[in-house]
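This briefing covers one protein chain, grouped by topic. Please read it alongside the sequence and the structure shown here.

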Amino acid sequence: MKKNKKLTVQTGLIISVMSLLMILAICFITSYGSRQIFLETNNMALERNLERYRYLHMNEQVADRVLNEWQLNQDAINDLTIENDEIYSGYVRGFLSVSSLLSVIDSDMLESSSGEDRIFLLRAMYDAAAARFDEERKENGYDSIYCVDVSDPNNIVLLMESSRQSEMTGERGLGTVQGVDAKLYSRAFEAFETEGSKAADETFFQQLHVRDYDTFYYMAYKPIIVDGAIKYILAIECDWSDFARILNRNLMQVLLLGVAVMLVTSGLIMLFIFRKAVKPLVEVNDGVREYIESKDSDAAVRRMSGIKARNEVGRLADSFSEMSTEIDRYTKEVRQLTGEKERAEAELNLAARIQSSMLPTEFPVRPELTLFASMDPAKEVGGDFYDFFFIDEEHLGLVIADVSGKGVPAALFMMMSKILLKNHAMTGLSPAEVLNRTNLGICENNRNNMFVTVWFGVLDIATGHVTAANAGHEYPMIRKPDGTFEIMKDRHGFVLGALRRKRYTEYEFDIEPGGTLFVYTDGAAEATDRDNRLFGTERMLGALNLEPAASPEVLLGNMKSAIDGFVGEAPQFDDLTMLCIKYNGKKEEER
């Protein structure tokens with residue numbers, strides 16, 4: 001249960017982290033996108049109003065004349081005392097009633113007026129313009145609307161003053177506004193110089209910082225062209241704090257909505273993953289644990305069949321069901337094979353003991369001779385064999401043989417060959433005739449076409465004379481008294497069991513008193529190391545000649561040590577069988 005909770009918590013943490021990252025990404029994208037959309041929307045509105053103000057309220061030619069008059073008569077206009085408020089109000093209302101504030105003012109009207117009438121007219125125009133632009137400012141939430149004379153960028157003609165401008169100028173009317181950096185308008189000048197009259201159709205946007213009040217404004221401005229040149233710049237300012245407040249409010253609404261949607265979506269995703277992945281995985285885990293404890297594949301299959309998920313988890317459950325069934329089947333097969341292997345090993349061990357019992361291990365103790373032999377099979381049982389037996393009191397039969405193949409078949413063939421050979425030898429037949437009859441016996445029922453190489457000799461104990469026959473076996477090695485071992489290349493016949501009508505011949509030689517005879521199977525000469533190099537007869541002679549006068553047991557031990565050292569870690573390729581006899585001769589009194 002704790003593991004199941006842990007998996008659920010881990011899944012929840014992963015989903016939470018992913019959701020948090022997605023929320024942050026959405027916040028960033030939403031923030032950037034909302035800001036851009038908000039700015040573009042407000043820029044469009046500012047640009048539209050700038051264009052409307054320029055053509056509706058400020059006909060370029062007339063505006064140029066009136067603005068010049070305002071600048072020239074600034075002090076007089078501000079100091080004018082209104083004696084007849086009713087007449088003055090009538091002028092102002094008249095200017096406000098027309099669609100364009102300045103279209104009713106032409107050069108003739110200004111030229112025909114002089115003195116106080118001219119100032120009175122300009123003052124009425126100014127107040128009408130101020131009232132109209134005050135309506136525009138309040139309606140759109142602007143902070144101020146003004147014009148800049150490019151010939152004197154610090155001389156800003158106030159079309160509508162805000163509270164900030166009133167504090168800056170200290171007066172209600174026209175005048176130079178201090179604290180506004182003229183460089184803010186350089187973009188309009190540069191654009192006009194590089195693109196000519198096209199700049200008249202462009203609107204520029206910029207954030208404005210008033211240092212004296214440490215206040216930020218957002219400004220839109222557009223040039224006014226008079227006689228093909230920029231004469232004025234019409235500008236609208238918005239308080240950036242209000243502007244940012246609206247932007248942040250909109251952004252926060254979008255973010256809160258996005259976070260809410262993301263949280264709901266994450267919860268739904270987590271619920272979906274829990275139902276479709278976590279819960280089925282927990283069921284699979286419980287089924288696996290139950291199978292580990294009970295080893296009951298039927299119960300595991302029933303448990304997995306209850307998982308209805310149609311996804312990778314469902315396929316995992318199906319795969320586990322198949323796996324548990326296969327494991328049970330494989331376990332039964334392994335148990336069966338293990339039992340069979342154990343029976344086979346027991347049978348092989350029994351066969352090895354039987355084969356070992358077939359080889360003589362009690363060596364004759366006589367003053368005339370010393371004999372020792374050994375057989376090391378490559379597998380549990382082998383095909384090599386040696387034998388020695390007294391045919392009578394004065395004749396000793398010596399046998400060394402190598403059956404083709406290895407393992408149980410070779411061992412069975414070896415025992416048959418050994419029995420046939422000894423039975424014929426014990427009748428007193430010559431070595432050649434023994435091989436002839438043994439060959440006939442083997443060929444009668446040799447359906448598997450197996451064969452055996454044999455060296456068989458009969459030693460006359462009284463004289464050391466040996467009569468021997470060789471059926472395809474290795475050359476013997478012999479040592480004369482006070483000499484070293486040498487290879488004796490005897491007459492070879494064909495192997496036993498291959499040709500039914502094959503006749504074998506024999507040969508004779510003497511072992512002088514103090515001499516030694518060594519016979520062996522090909523497992524000695526053909527022993528290989530890891531590089532597949534053969535041990536060979538030269539190394540065999542070297543091993544025997546380390547102590548050539550030693551006893552047969554020592555000689556065989558030296559040979560085995562030399563072969564093992566040469567082979568190293570390479571596996572034993574063939575059976576290794578050796579027989580060695582040292583002839584001491586009879587004492588004079590025995591003769």
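**A salt bridge between two buried residues**

Asp387 and Lys418 form a salt bridge in which the closest N and O atoms are 3.2 Å apart. This pair links distant parts of the chain, since Asp387 lies in strand E7 (residues 384–392) and Lys418 in helix H12, 31 residues apart. Both partners are buried. The model is predicted, and the points below go from this pair to other parts of the chain.

**Surroundings of Lys418**

- Helix H12, which holds Lys418, spans residues 407–425.
- Lys418 has a relative accessibility of 7% and therefore counts as buried, the cut-off being under 20%.
- Beyond its neighbours within four places in sequence, Lys418 contacts Met358, Leu359, Phe385, Tyr386 and Asp387.
- Asp387 thus appears both in that contact list and as the salt-bridge partner of Lys418.

**Other salt bridges**

- The whole structure contains seven salt bridges.
- One of them joins Glu368 to Arg366, with 3.4 Å between the closest N and O atoms.
- Glu368 is buried because its relative accessible area is 5%, whereas Arg366, at 22%, counts as partly exposed.
- Another salt bridge connects Arg533 and Asp529, whose closest N and O atoms are 2.7 Å apart.
- Here Asp529 is the buried partner, at 6% relative accessibility, while Arg533 is partly exposed at 45%.
- Glu433, Arg437 and Arg503 belong to one network, joined by salt bridges that share partners.

**Strand E15 and its pairing**

- Strand E15 covers residues 576–583 and is mostly covered, with eight of its eight residues buried.
- In a regular strand, side chains alternate between the two faces of the sheet.
- In E15 both faces are covered: one side carries Leu576, Met578, Cys580 and Lys582, the other Thr577, Leu579, Ile581 and Tyr583, and all of these are buried.
- E15 pairs with strand E6 (residues 369–376) in the antiparallel sense, over eight bridges.
- Within that pairing, Met375 has Thr577 of E15 as its bridge partner.
- E15 also runs antiparallel to E14, and five bridges join the two strands.
- Thr516 has Lys582 of E15 as its bridge partner.

**Thr516 in strand E14**

- Thr516 is located in strand E14, which spans residues 516–520.
- The relative accessible area of Thr516 is 0%, so this residue is buried.
- Leaving out residues up to four places away in sequence, Thr516 touches Met477, Ile478, Arg479, Phe485, Ile511, Leu555, Cys580, Ile581 and Lys582.
- Among these contacts, Cys580, Ile581 and Lys582 are buried residues of E15.

**A nonpolar surface patch**

- Val17, Leu20, Leu21 and Leu24 make up a nonpolar patch on the surface, and together they have about 390 Å² of accessible area.
- Leu21, one of the patch residues, sits in helix H1, which runs over residues 2–56.
- With 54% relative accessibility, Leu21 counts as exposed, because the cut-off for that class is over 50%.

**The chain as a whole**

- The chain has 16 helices and 15 strands.
- Of its 591 residues, 45% count as buried.
- The exposed area of the chain is about 31700 Å², of which carbon and sulfur atoms supply 53%.
- Considering contacts between residues at least 6 apart in sequence, 69% join residues at least 24 apart.

**Confidence of the prediction**

- The average pLDDT of the chain is 76, and 66% of the residues score at least 70.
- Over residues 160–185 the pLDDT stays under 50, and for this stretch the model has 73 contacts beyond four places in sequence.
- Where pLDDT is low, the predicted coordinates should not be read in detail.

Definitions and conventions:
Residues numbered from 1 in each chain as written. Predicted model: local features only at pLDDT ≥ 70, side-chain atom pairs only at ≥ 80, totals over all residues. Heavy atoms only, no water. Helix = DSSP H or I, 4+ residues; strand = E, 2+ residues; numbered from the N terminus. Buried < 20%, exposed > 50% of the residue type's maximum accessible area, 1.4 Å probe, protein only. Contact = heavy atoms within 4.5 Å. Patch = residues over 30% accessible without salt bridge, like charges linked within 9 Å, V, L, I, M, F, W, Y side chains within 5 Å. Areas by Shrake-Rupley, 256 points an atom, 1.4 Å probe, with all protein chains shown as cover. Salt bridge = Lys/Arg side-chain N within 4 Å of Asp/Glu carboxyl O. pLDDT = per-residue confidence, 0-100. Pairing = 2+ DSSP bridges.
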